[in-house]
Amino acid sequence: MASGGADPRPAIIVVDDDDLSRARLERCVSGRYGGSYRVLAEPSASTAFELLKSLRTAGTPVALIIADQWMPGETGATLLARTRDLQPATQRLLVGTWADFSAREAIVRASILGEIDHYASHPLNDSDEQFHTAVTEVLARWSRENGRWGEALRVVGDPWDEYAHGLQDSFRRFGLPFAFYDADSVEGKELLHQSGVDGPLPVVILATGRALARPSPADVAGALGATTTPVDQVFDVVVLGAGPAGLAAAVYAASEGLEVLVVEPLNLGGQASSSPMLRNYLGFPAGVGGADLAARAYQQAWTFGADFLIGRAATGIRADADDRIVVLDDASEIHTGAVVVATGVSYRRVGIESLEAFVGRGVFYGSGATEARAMAGESVFVVGGANSAGEAAIYLARYAARVTVLVRGSSIRDGMSDYLVRELEAIPNIDIRPNTEIADAHGHGRLERVSLRNNGTGTTEDLPTAAVFILIGAVPRTDWLPPEIARDDRGFVQTGADRPLSPDGDSWSLATTMAGVFAAGDVRHGSLKRIAAAVGEGSTVIRQVHEYRAAQARPLAERPA
């Protein structure tokens with residue numbers, strides 16, 4: 001067995017019983033990654049497992065395990081499944097012989113149960129870029145999830161402050177490498193001293209040394225060079241919201257030569273960017289993080305020429321002849337020929353006063369991607385029975401000692417995809433409690449205990465917990481829209497045939513009751529609440545904007561006199 005002696009580098013472990021194959025794997029991996037990672041090779045599953053135990057004892061992080069599938073005694077898939085409890089934060093790559101279809105069943109099972117993170121064929125040579133793409137992808141994921149991307153931003157504040165939590169969540173969704181420091185820690189106090197700013201907290205320190213006291217997302221965006229006030233006042237299309245639907249609309253509009261502005265007040269990617277891992281999104285067989293997907297879409301739209309206004313929100317829309325005027329929260333106005341409302345939804349609040357009192361101090365609305373690492377060794381609860389709750393529980397289980405999913409209904413199968421249900425049921429530190437909801441919350445300064453009520457028996461019990469993550473449905477962000485844009489009784493925008501009436505007799509499926517204003521994605525009544533569906537609507541809506549443009553027989557936007 002290879003030595004597990006002191007070495008500051010994270011480890012990559014290669015496991016293969018065939019001497020020649022193992023040597024090639026080790027040489028291939030060491031040649032590309034040996035400068036940053038300590039590459040260790042093992043001849044069997046048993047010796048690899050012992051090495052993993054010794055590395056855990058020594059406190060050495062293991063970034064990646066690469067295991068051959070067909071080893072005597074124990075397959076690679078079985079070994080990788082066994083390592084989940086031992087090294088939960090480690091990425092797992094299963095390798096097999098090129099075009100070996102006999103491994104399909106094992107690969108499918110391991111993928112569905114979350115026992116492997118990726119599958120690749122053995123490298124055909126040391127510079128097999130297809131193999132290296134798989135390795136680089138999982139190493140990038142490990143680096144991002146474990147805070148090893150460097151520190152372009154440093155946040156100093158109270159770890160239980162809701163405002164500080166919100167800033168960190170925004171930075172993570174924008175893909176900004178940052179680190180958080182407790183203001184009461186030695187490091188935090190030193191950073192505040194060096195910056196010359198001691199509050200109000202949180203304080204954000206840029207790589208240049210500039211410090212911002214309790215900044216808004218727009219303040220940080222502006223300090224980083226992003227546009228927070230529009231350079232131009234006239235655009236062909238204004239897209240409100242940078243979730244999947246809005247980003248797709250921006251990509252298609254900009255790629256077709258339209259002048260497009262995207263206005264996003266909160267987080268790039270909307271709710272989708274809070275998902276730790278999307279494993280059923282087309283084209284990503286190993287899955288893709290919601291924030292990563294959003295960052296790619298943003299970059300794609302930006303390279304086509306789309307303009308983005310970050311940290312600003314729309315507060316109104318009105319018609320002026322054939323122009324549409326979008327009013328922003330700083331009272332500035334944007335003239336456009338068409339508007340796409342893609343503002344998405346926000347998480348529905350529980351409405352329990354004692355629980356709401358701990359928001360940001362142990363109670364979080366969302367997946368917990370920002371807080372997961374801080375949950376190491378703790379017991380946490382996830383509230384919800386849809387896919388987002390399942391994804392959150394699976395991710396949190398990498399770090400927390402115990403994750404309990406609370407479902408009001410009788411089964412998680414009522415609202416969750418089968419692959420997520422199977423993975424949840426296979427993870428040993430995840431419990432599922434149907435017919436259960438939170439009745440009360442308790443703590444001093446932060447959440448310490450919750451009272452759970454069984455909806456069938458009416459009985460309650462108090463259980464200790466470090467955190468509760470709530471994902472119980474969504475509320476559309478439409479309360480700012482003018483009355484001319486019809487909404488259903490829950491606030492979702494009515495479009496197409498669902499509208500009370502069709503302006504000018506149009507038949508566009510994504511048009512609202514205000515001519516020239518369209519809606520796409522989760523904000524729309526009757527939409528399928530899936531990321532791929534939102535992307536589809538975002539692309540479709542631009543086609544309808546073109547048709548609307550043709551019907552107007554004029555350029556989309558004309559500069560006011």
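This is a short talk on one protein chain, from its overall build down to a few single residues.

Keep in mind that the model is predicted. The chain has 14 helices and 26 strands. Its radius of gyration is 25 Å, close to the 24 Å that the globule rule gives for 561 residues, so the chain is as compact as a globular protein of that length. Along its principal axes, the C-alpha trace spans about 80 × 55 × 55 Å.

How much of the chain is buried? Of the 561 residues, 54% count as buried. The chain exposes about 23,700 Å², and carbon and sulfur atoms supply 51% of that area. If we take the contacts with a separation of 6 or more, residues 24 or more positions apart account for 66% of them.

Now the inside. In soluble globular proteins, nonpolar side chains tend to be buried together. Here the largest nonpolar core has 49 residues, and V382, V403 and F469 touch the most other members. Several elements each supply at least two residues of this core, among them β18, α12, β19 and β24. Which element gives the most? That is α12, with 6 residues. There is also a second, separate core of 34 residues, which includes L247, V260, F518 and A534.

Take F469, one of the three residues just named for the largest core. Beyond its neighbours within four places in sequence, F469 is in contact with residues including F364, M375, V382 and L396.

L396 brings us to helix α12, since L396 is one of the buried residues of that helix. The helix covers residues 387–396, and 9 of its 10 residues are buried, so α12 is largely enclosed by the rest of the structure. N387 and E391 are also among the buried ones, along with A389, G390 and Y395. What do the buried residues of α12 pack against? The answer is α5, β18, β19, α13, β20 and β24.

Next, a single residue in a strand. L153 lies in β6, residues 153–157. Is L153 buried or exposed? Its relative accessibility is 1%, and the cut-off for buried is under 20%, so L153 counts as buried. Leaving aside neighbours within four places in sequence, L153 is in contact with ten residues that come from several stretches of the chain, including F171, A179, I205 and L224. A179 is 26 residues away from L153 in sequence, but the two C-alpha atoms are 6.6 Å apart in space.

For the other case, look at N454, which is found in strand β22, residues 449–454. N454 is partly exposed, with a relative accessible area of 25%. Beyond its neighbours within four places in sequence, N454 is in contact with N435 and T459. Its side chain also reaches the backbone nitrogen of T457 at 2.9 Å. Where is N454 relative to A41? The two are 413 residues apart along the chain, and their C-alpha atoms are separated by 50 Å.

Finally, the strand that holds N454. β22 is joined by 5 bridges to β23, residues 460–464, and the two strands run antiparallel. One of the pairs is R449 with P464 in β23. The hairpin of β22 and β23 has 5 residues between the strands, and G458 in this hairpin takes a positive phi near 80°.

That is the tour.

Note on methods: Residues are numbered from 1 along each chain as its sequence is written. This is a predicted model: local features need pLDDT of at least 70, side-chain atom pairs count only at pLDDT 80 or more; totals for chains, interfaces and linings use all residues. Side-chain values use heavy atoms; hydrogens and water are left out. Helices (H or I, at least four residues) and strands (E, at least two) are DSSP runs, numbered from the N terminus. Buried means under 20% relative accessible area, exposed over 50%, partly exposed in between (1.4 Å probe, protein chains only). Contact means heavy atoms within 4.5 Å. A polar contact is a pair of N or O atoms within 3.5 Å; within protein, one must be able to donate a hydrogen and the other to accept it, and residues adjacent in sequence count only if both atoms are side-chain atoms. Two strands pair if DSSP finds at least two bridges between them. The radius of gyration is taken over C-alpha atoms; the globule rule is 2.2 Å times the number of residues to the power 0.38. Accessible areas come from the Shrake-Rupley method with a 1.4 Å probe; for residues, only the protein chains shown count as cover. A nonpolar core is a set of buried Ala, Val, Leu, Ile, Met, Phe, Trp, Tyr and Cys residues joined through side-chain atoms within 4.5 Å.
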